[in-house]
Number of protein chains: 2
Amino acid sequence: MSHASVDDHAAHIAELLAPALIPRTEIVALDDALGRVTADTVHSPVDLPLFRNSQMDGFAVRAADVSAAPVTLPIAGEIAAGPAEPAPLEVGSSVRIMTGAVVPQGADAIVPVEDTTVDGDSVTILRARSAGQFVRDRGSDVREGDELVPAKVLLASRHLAALAAAGLNSVLVRARVRVAIITTGTELVTSGTMPKPGQIFDSNSVALAAAVRACGAVDVYRVHVGDNPAAMLAALSGAAAAADLIVTSGGISMGNYEVVREVLEPLGARVGHIAMQPGGPQATAMFNGVPVVCFPGNPVSTQISFEVFVATLLRAASGLPAAVLESREVTSDVTSVAGKRQFLRGRRVEPGRVDVVSGPGSHLVAGLAASDCLIVIGEELSELKAGDTVETWAL
Amino acid sequence: MSHASVDDHAAHIAELLAPALIPRTEIVALDDALGRVTADTVHSPVDLPLFRNSQMDGFAVRAADVSAAPVTLPIAGEIAAGPAEPAPLEVGSSVRIMTGAVVPQGADAIVPVEDTTVDGDSVTILRARSAGQFVRDRGSDVREGDELVPAKVLLASRHLAALAAAGLNSVLVRARVRVAIITTGTELVTSGTMPKPGQIFDSNSVALAAAVRACGAVDVYRVHVGDNPAAMLAALSGAAAAADLIVTSGGISMGNYEVVREVLEPLGARVGHIAMQPGGPQATAMFNGVPVVCFPGNPVSTQISFEVFVATLLRAASGLPAAVLESREVTSDVTSVAGKRQFLRGRRVEPGRVDVVSGPGSHLVAGLAASDCLIVIGEELSELKAGDTVETWAL
């Protein structure tokens, strides 16, 4: 796949990952379900409301008894919200009732308290009401067996409320995709270690883990290996046992100490160069039946490769919306390498424009942090003028 | 505050909550910082890159030595990425170098490997390079002391990567606002209990907790009380000890068993009716120095009251974007109560339209779940025709 196109490599990865991204499901408590995605339609196990109840504080009556309002009726009692099995309402009578309380058999309308005057044990109804007024019928919100929350819904508080109102305390959701992250390179040290000359702080592990989580997936395994093939093999074995998908950074270009290439190429990895900047060297493999997607190790290359090749697939598998793609006017002249798709760092400026932020270098991590989108320059373009239209990919 | 306006009540709550929402800060590990908001500008403790390094696999040279390319130079050695303190480059010499490796003193350009041919211990440079080409200078991404990530940034993977690259392993962020949730009402049972006639499943506790979290805050305390004032007092005491802010549902209307009103009114609560539907009865109080915002108990009233009066403030305090407000064409006729602001449930239909979903009743939890926005009908309106413009508030 020497200098394959970005689109071809993306299609190859989509195909490679498809089996790993078939949604598994799991049951989670409602309190843990915010932001998860329903795996299936949830049907209501009950009618909602569960019983006929009052929409108002007032008096339950027979509409026929108050049609000639004003009319005075005896007050037969009181029904509060809460457990109650009220006696049927006698003809020509009334009962004081609270919002949400059971409407007694026989009553078919509620007269709000503000349309009444009370004198001892009797109430004067000042305004006629028709049958059904201010009565919430059983099942008028949703009927037992009807759809309560559809499949593939990103659960927000209002969905959880509806599930709880129907007496459910858990929900079947898509399981998060489990991702293993292996970073490589003897030049990387982690915070807390003073880097020696030639060493840099590892940002790829932190970046990939956060990017995985931002896509609704979960980083179940993270390890850094230097340039030792045995350590790399051990890391891959651990990763394959834990994860649906393995991503690696570094170790796949044409240099002399390329541990990922060294281990995976004999196992049939596809290693090559993609026509893109940053992020040219790319590879894929299968390891113990688990797909492996390998990115170059330059921090910006790692992050952009993940965004371009994996994030979109993970977001779709997680039921999250895709990144926003928009056409915008670039505010400065831009040059690009013909034949490669360039992913520059941009910052959106309203209305409808985008500034180029920092340079194209794949080491400019602070520059990437300062951007809020990628500016995508097509393979066919080598020169753009300020005011030209470019595609932007929101981060 | 009898029938105060929605705007007045919102302004009153904003004022009441302001001291509680002054951002506290906390330090969190980078691995826990995704989606948090920086409390202050983070300055880089180091230059990035940390040292002058190669952008390419190739040969480090003096540009002056290759200006008359093709030219053949001896290969003095090799510098890999990783710890290295290479000797200075002799005049008229070259050194093999890997991407990211330290560029030796004396060298000022990198010739990519594809522009060279190697024969034993010497390399022929096929193309001249000017000083600085393919060399990443120390500090060219960010300089020690310069801004690495600004204040008030919602941290995404690229920000965490920049912090990690600078050797940081934690970041000062705004602490989450701590919210206590007290639900009331003897009619409420939780899932797992068979409701008796007159009882319903509690959805308010689940809904408020999830809504709090969706606003970037945290539900630190949740309790349900029936109609017992002593239990309510105890709940408020526990809540005030744990939280920056207390929200309650139920128990504030004009019925006879109103535990929130009963406990808080003697302590100076403002209890009244707001000119809105759903959600008329509303109250606020201070309890042990902690602000209390009280919503009516109908599930839809609780949820919409939280969204209208508290969510906006919490989102702002958490550094999250405000809800999207848009004008849209309503697809059916709508009637509303003049003098009240109506919050109907809607579903957005592109382009630019909105369907009314379910009825206006404050018990229609499934209807609210099926909506994706509120349709806001102003106090001055009582009748709208299909095609009229309405304001929508995205959920």
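**Two copies, one shared surface**

Hi everyone! Let's start with a distance: in chain A, the C-alpha centres of domain 2 and domain 4 are 42 Å apart. Keep in mind that this is a predicted model.

Where do those domains sit along the chain? The domain assignment of chain A puts domain 2 at 26-48 + 145-173 and domain 4 at 325-390. It also gives domain 1, made of 6-24 + 176-318, and domain 3, covering 53-136.

Now, how do the two chains relate? In general, two copies of a chain are related by a rotation about an axis and a shift along it. Here, chain B superposes on chain A after a rotation of 180 degrees with 0.0 Å of shift along the axis, and the RMSD is 0.0 Å. That is the relation of a two-fold axis. The contact surface fits this picture: 100% of the contact residues of chain B recur in chain A, so the same surface serves both copies. If you'd like to find the axis on screen, look for B:Gly35, which of the residues of chain B comes closest to the axis, its C-alpha being at 6.7 Å.

On to the contact itself. In total, 74 residues of chain B are in contact with 75 residues of chain A. Several elements of chain B supply at least two residues each to the side that touches chain A, including β11 (147-149), α3 (204-214) and α7 (365-369). Which element gives the most? That is α2(B), with eight residues. By type, this side of chain B divides into 43 nonpolar, 21 polar and ten charged residues.

Let's zoom in on α2(B). Nine of its nine residues are buried, so this helix is largely enclosed by the rest of the structure. Among them are B:Arg158, B:His159 and B:Leu160. After the helix comes B:Gly167, with a positive phi near 90 degrees.

Across in chain A, please look at helix α3, residues 204-214. Is it mostly covered or mostly uncovered? Mostly covered: nine of its eleven residues are buried. The buried residues include A:Asn204, A:Ser205 and A:Val212. And what do the buried residues pack against? Within chain A, they meet β13 (178-184), β16 (218-225), β17 (245-249) and α6 (299-318). From chain B, α2 (157-165) joins that list. Just after α3(A), A:Gly216 takes a positive phi of about 80 degrees.

So, to take home: α2(B) gives the most to the side of chain B that touches chain A, and α2 of chain B also packs against the buried residues of α3(A). Thanks for listening!

Conventions:
Residues are numbered from 1 along each chain as its sequence is written. Chains are lettered from A and ligands numbered from 1 in the order in which they are written. This is a predicted model: local features need pLDDT of at least 70, side-chain atom pairs count only at pLDDT 80 or more; totals for chains, interfaces and linings use all residues. Domain bounds come from an automatic or database domain assignment. Copies are superposed by least squares on the C-alpha atoms of residues with pLDDT of at least 70 in both. Two residues are in contact if their C-beta atoms, placed from the backbone, lie within 7 Å. A residue is buried if 20 or more other C-beta atoms lie within 10 Å of its own, exposed if 12 or fewer, and partly exposed in between; C-beta atoms are placed from the backbone. Helices (H or I, at least four residues) and strands (E, at least two) are DSSP runs, numbered from the N terminus. Ala, Val, Leu, Ile, Met, Phe, Trp, Tyr, Cys and Pro count as nonpolar, Asp, Glu, Lys and Arg as charged, and the others, Gly among them, as polar.
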